[in-house]
Amino acid sequence: EIILNYYNTLIRRDIIEKYKIRNEMVLKDLIKLLLNATHYTGSKLFRTLKSLDHDVGKATILKYVSYITGSFFMNELPEFSTKLKNQLQRERKIYFVDNAFIILLNPRTGHKEGRLLENMVFYHLKRKYKHADIYYCRAEKAEEVDFLLIDQSESKRMIQVSYNLDRLVTKEREIRALIKVGGKLGLEHGEILTFDTEGKEKANWFGHTIQVTMTPAWKFFMNE
């Protein structure tokens with residue numbers, strides 16, 4: 001109840017009243033869509049809200065998204081690209097200021113621990129590496145690395161988040177993404193943050209070899 005009261009106060013005071021929003025239902029449905037998503041584009045949000053019979057333009061939707069991020073309720077992460085146009089047009093990942101909002105306000109049951117862990121890692125990185133640029137990065141066939149940190153010296157660091165690596169198919173998927181993105185960027189080391197898996201191993205995919213370090217997230221939070 002405390003979280004719900006805080007949510008309602010934040011939305012009303014910091015967004016609806018501050019920006020004098022008249023169509024509250026559009027805003028509230030937009031927030032629900034974002035809570036249920038991991039990525040978004042303005043076009044996808046526009047199409048979904050239109051299917052819900054909301055008469056609202058894409059420019060207004062993007063303006064509302066900027067209000068939501070401006071209230072610090074949500075943060076977004078662009079995809080890494082050397083071309084600014086691509087960064088602006090491609091999907092952005094979504095992170096919320098507190099996992100409680102995802103758990104309580106997301107109507108879906110069986111919330112994935114991986115999303116909650118990734119959300120925590122994002123805010124840790126944002127606090128810890130204030131002078132680094134943070135992105136997510138995709139390879140050619142949509143394999144995705146959750147975080148790419150680029151510091152002031154242009155040094156790059158890949159971090160993947162996976163709650164559980166017990167299933168071989170999951171472990172192979174996460175490592176394959178590191179290898180493919182690492183090959184694209186010329187990187188030879190990647191990290192996977194997990195709930196409790198720890199270790200190191202070398203992996204190879206189509207001629208590109210990478211050293212993978214697996215670390216429990218709690219150790220990462222304490223040592224970083």
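**Notebook: a sheet, two helices and some rings**

I began with the sheet, where 6 strands form an open arrangement in the order β4-β5-β6-β7-β9-β8, with mixed pairing. Strands here are DSSP runs of E with at least two residues, helices are runs of H or I with at least four, and both are numbered from the N terminus. Two strands count as paired if DSSP finds at least two bridges between them. I then looked at the edges: β4 and β8 stand there, each with a single partner strand, so one side of each has no neighbour in the sheet. From one strand to the next, the twist averages 30 degrees.

A note to myself on the source: this is a predicted model, in which local features need pLDDT of at least 70 and side-chain atom pairs count only at pLDDT 80 or more, while totals for chains, interfaces and linings use all residues. Residues are numbered from 1 along each chain as its sequence is written, and side-chain values use heavy atoms, with hydrogens and water left out.

**Around the sheet**

Next I checked how β4 meets β5, and found antiparallel pairing over 5 bridges. Ile 134 stands opposite Leu 149 in β5.

Which helix lies across β4, β5, β6 and β7? I found α7, residues 113–128, running at about 10 degrees to β5. Such angles run from 0 to 180 degrees between N-to-C directions, with axes as lines fitted to C-alpha atoms, for helices over the stretch in contact. Contact means heavy atoms within 4.5 Å.

**Val 161 and Ser 162**

I looked up Val 161 in strand β6. Is Val 161 buried or exposed? Val 161 counts as buried, because its relative accessibility is 6%; buried means under 20% relative accessible area, exposed over 50%, and partly exposed in between, using a 1.4 Å probe and protein chains only. Leaving out residues up to four places away in sequence, Val 161 touches several residues, among them Leu 117, Val 121, Asp 146 and Leu 193. Val 161 and Asp 146 are 15 residues apart in sequence, yet 6.6 Å apart in space, C-alpha to C-alpha.

Ser 162 sits in the loop between β6 (156–161) and α8 (168–185). Ser 162 is buried too, at a relative accessible area of 5%. Its contacts beyond four places in sequence include Thr 170, Glu 174 and Phe 195.

**Helix α8**

I followed that loop into α8, which has 18 residues and reaches 26 Å from first C-alpha to last, close to the 26 Å expected at 1.5 Å a residue. The expected span is 1.5 Å times one less than the number of residues. Among the buried residues of α8 are Thr 170, Glu 174, Ala 177 and Leu 185. What covers the buried residues of α8 includes β4, β5, β6, β7, β8 and β9. After α8 comes Gly 186, with a positive phi near 75 degrees.

**Rings**

Last, I looked at the aromatics and found 14 pairs. Rings of Phe, Tyr and Trp (its six-membered ring) pair if their centres lie within 6.5 Å; planes under 30 degrees apart count as stacked, over 60 as edge-to-face, and the rest as tilted. Tyr 6 and Phe 101 are stacked, at 5.9 Å centre to centre and 20 degrees between the planes. Tyr 6 lies in α1 and Phe 101 in α6, so this pair ties together parts 95 residues apart in sequence. Phe 101 is buried at 1% relative accessibility, whereas Tyr 6 is partly exposed at 43%.
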